[in-house]
Amino acid sequence: MTKLSVRDLRVELDKKTIVNNIELEVSVGQWVCIIGPNGAGKSSLLKSLAGIIPSTGEILIDGSNVRSLSERDRACWIAYVAQEPVMPAGMRVFDYVLLGRTAHLKMLATESPKDLEIAHFVISELDLDKFIDRDVATLSGGERQRVAIARALTQASPIILLDEPTTALDVGYQQEVLELIDRLRNEKKIAVISTMHDLTVSGLYPDRLMLLAEGNVVVSGSAEEVLTPENISKHYGAKVTVITHESGPVVIPERNK
Amino acid sequence: MRTATARRISPFAWIISAVAVLFTLTLGVSIGAVSLAPLTIWSEISSNIFGTTSTSTGSESTIIWQLRLPRVLLAFVVGAMLASAGCAYQGTFRNPLADPYLLGVSAGAGLGATIAIFNGSGGSRFLLPLAAFAGAMGAVLLTYSLGRSAIAGRSSTALILAGVAVASLLTAIQTLLQQQNTDKIREIYAWVLGRLSTSGWNDLAIITPYILVCIIILLRYRRVLDVFAVGDEEALTMGLPVARARGAIIIAASLGTAAAVAVTGLIGFVGIIVPHILRLIVGNSYRILLPLSIIYGGIFLVLADILARTILAPQEISIGVVTALLGAPFFLFVLGSSKNGSVT
């Protein structure tokens, strides 16, 4: 069973520490969600795992070092969906999803029938068939997120990093995308690491939450353990009430009287 | 389930393109001070290649083989190179206004040619192209090393800015040299504006191997150019070695451009006009755009050369002036219609 282990991860940008001393273990089928106030380093942490920004410390997959892998090999293990994925004007949904096969192709090769088949399979699995010829730039926010997830699935990596997958979406699309991610990680045995903005939503699907503040993990555990009024007041500077609901803790900001 | 395949050029488009190439080349050979009938041209060419009987006279044969054909083919090869280099730059920099001279090729070649002309090598069919080529490649290497070290990341903006700086510096040096040697300005100017007048097959033979290799390399990167469309960060996480791929594309495009510039001087706008007209027709996928840019870049420059030869006949206009007259307004049109200057 594939497992990602991160030890003592540290990210510096312009000599300033952005993320420090991160310890993290995620196995396939699990979903870990990183929360924290603006500027806490959530996106930087995800980008360092994706190899976009440099970091120090260990990133291991099943005990072997990710840093020694080529770009291609790394991408075969770890896929990444940006907060706002670039949707190139004029590119069809099919061509966009097919780009996910890049990690499995030699740089100058073109796709084999098998690659096309995988893209088709993912597209129909995500119910995107009706979009197949659409220009990706014309898709709505929710459709873009689904198409970007389809591209990441076509990459067929056991670990997927999702940077705020639902922030730009209304509640209907939000639910649709989160349900999709939840189904996929269970069915396909994918390890998911996401960041999330909305605290109540972050408690719904992930197995574990990591609260990041000023680059350090301050609390980690289940939604009930992390989403307490004390933690949120301390690290977000917000006064909130937390109500227990059958889906998970509900965080309600209080109004100053 | 609906099936789709990866983007490729349709058989219909291939046929249209082949017909267009044959038509344009024939037109290019047929038009001039002495008009030649297409049939005469083809019977002459077929007689040389297949040993059939030719209907052309001796002087017609000389015009075809010594004057028109090498010039038309040179125009085609150079146009193909400039358009495909522009197309490749636009893809790898995700910038619709990138052109083959982006990284200082033109300024470097200009300086090289100027130095050669001052040293009395301007008339040399051998030294002038060599100096221009050396200048162009030197400029690209300078830009590349500056751009890469300026920002240690993968920022392509740093590279473009370095190109602007290197081009300004080299142009300033060239101007300084010119001012000290005003009697050669006319000669330099003729080179800068671009010319396709050839000495038979020599120029074509010199540059074709370089250009062929560069075009083949660029063609092999056509899928990679589509991956670049999602931006460096996402392309990297999809497994593309972004810096290495961009480096290879830049080197192939610059080397080919430098070879073309060395022989013909500066012919502008081909690398912008041709890929953009094609974008409007066939979309933005480089799997289609790049091969078609090669074909229609060649066609475009042959047609531009026909104009250069005929507008003020018997006088000949510099081909660079013709492409600039067509290209500058088009450049503004592209600029105006591109949203935020970033339509790719």
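This is a short tour of two chains, A and B, in a predicted model.

**Stop 1: a strand in chain A**

Start by selecting residues 191-195 of chain A, which form strand E8. Is this strand buried or exposed? Five of its five residues are buried, so E8(A) is largely enclosed by the rest of the structure. Turn the view to look at each face: Ala191(A), Ile193(A) and Thr195(A) sit on one side, while Val192(A) and Ser194(A) sit on the other. Both faces are covered.

Now add the neighbours. Select residues 31-35 of chain A, strand E3, which pairs with E8(A) in the parallel sense over four bridges. To find one of the matched pairs, click on Val32(A); its bridge partner in E8(A) is Ile193(A). Next, select residues 159-162, strand E7 of chain A, which also pairs with E8(A) in the parallel sense over four bridges. Here you can look for Ile159(A), whose bridge partner is Ala191(A).

**Stop 2: two unusual loop residues**

Most residues other than glycine have a negative phi. Stay in chain A and pick Lys189(A), in the loop between helix H6 (171-187) and E8. Its phi is near 55°, a positive value in a residue other than glycine. Lys189(A) is partly exposed, with 14 other C-beta atoms within 10 Å.

Then jump to Asp14(A), in the loop between strand E1 (3-13) and strand E2 (16-27). Asp14(A) isn't a glycine either, yet it has a positive phi of about 50°. This residue is exposed, with 5 other C-beta atoms within 10 Å.

**Stop 3: a pair of helices in chain B**

Switch to chain B and select residues 58-93 (helix H3) and residues 202-220 (helix H8). How do their axes cross? They come within 10 Å and cross at roughly 30°. Angles under 35 degrees count as roughly parallel, so that is the word for H3(B) and H8(B). The crossing is left-handed.

Show some side chains where the helices meet: on H3(B), try Leu73(B), Val77(B) and Met81(B), among others; on H8(B), the residues include Ile207(B), Ile211(B) and Leu218(B). By class, this contact has 13 nonpolar, two polar and one charged residues.

**Stop 4: where the chains touch**

Finally, show both chains together. Here 30 residues of chain B are in contact with 33 residues of chain A. Which elements of chain B give two or more residues to this side? They are helix H9 (222-228) and helix H10 (232-237), so highlight those. Chain B's side of the contact has 14 nonpolar, nine polar and seven charged residues.

Methods:
Residues are numbered from 1 along each chain as its sequence is written. Chains are lettered from A and ligands numbered from 1 in the order in which they are written. This is a predicted model: local features need pLDDT of at least 70, side-chain atom pairs count only at pLDDT 80 or more; totals for chains, interfaces and linings use all residues. Axes are lines fitted to C-alpha atoms, for helices over the stretch in contact, and angles run from 0 to 180 degrees between N-to-C directions. Angles under 35 degrees count as roughly parallel, over 145 as roughly antiparallel, 65 to 115 as roughly perpendicular and the rest as oblique. A crossing is left-handed if the near helix is turned anticlockwise from the far one by less than a right angle, and right-handed if clockwise. Two residues are in contact if their C-beta atoms, placed from the backbone, lie within 7 Å. Ala, Val, Leu, Ile, Met, Phe, Trp, Tyr, Cys and Pro count as nonpolar, Asp, Glu, Lys and Arg as charged, and the others, Gly among them, as polar. A residue is buried if 20 or more other C-beta atoms lie within 10 Å of its own, exposed if 12 or fewer, and partly exposed in between; C-beta atoms are placed from the backbone. Two strands pair if DSSP finds at least two bridges between them.
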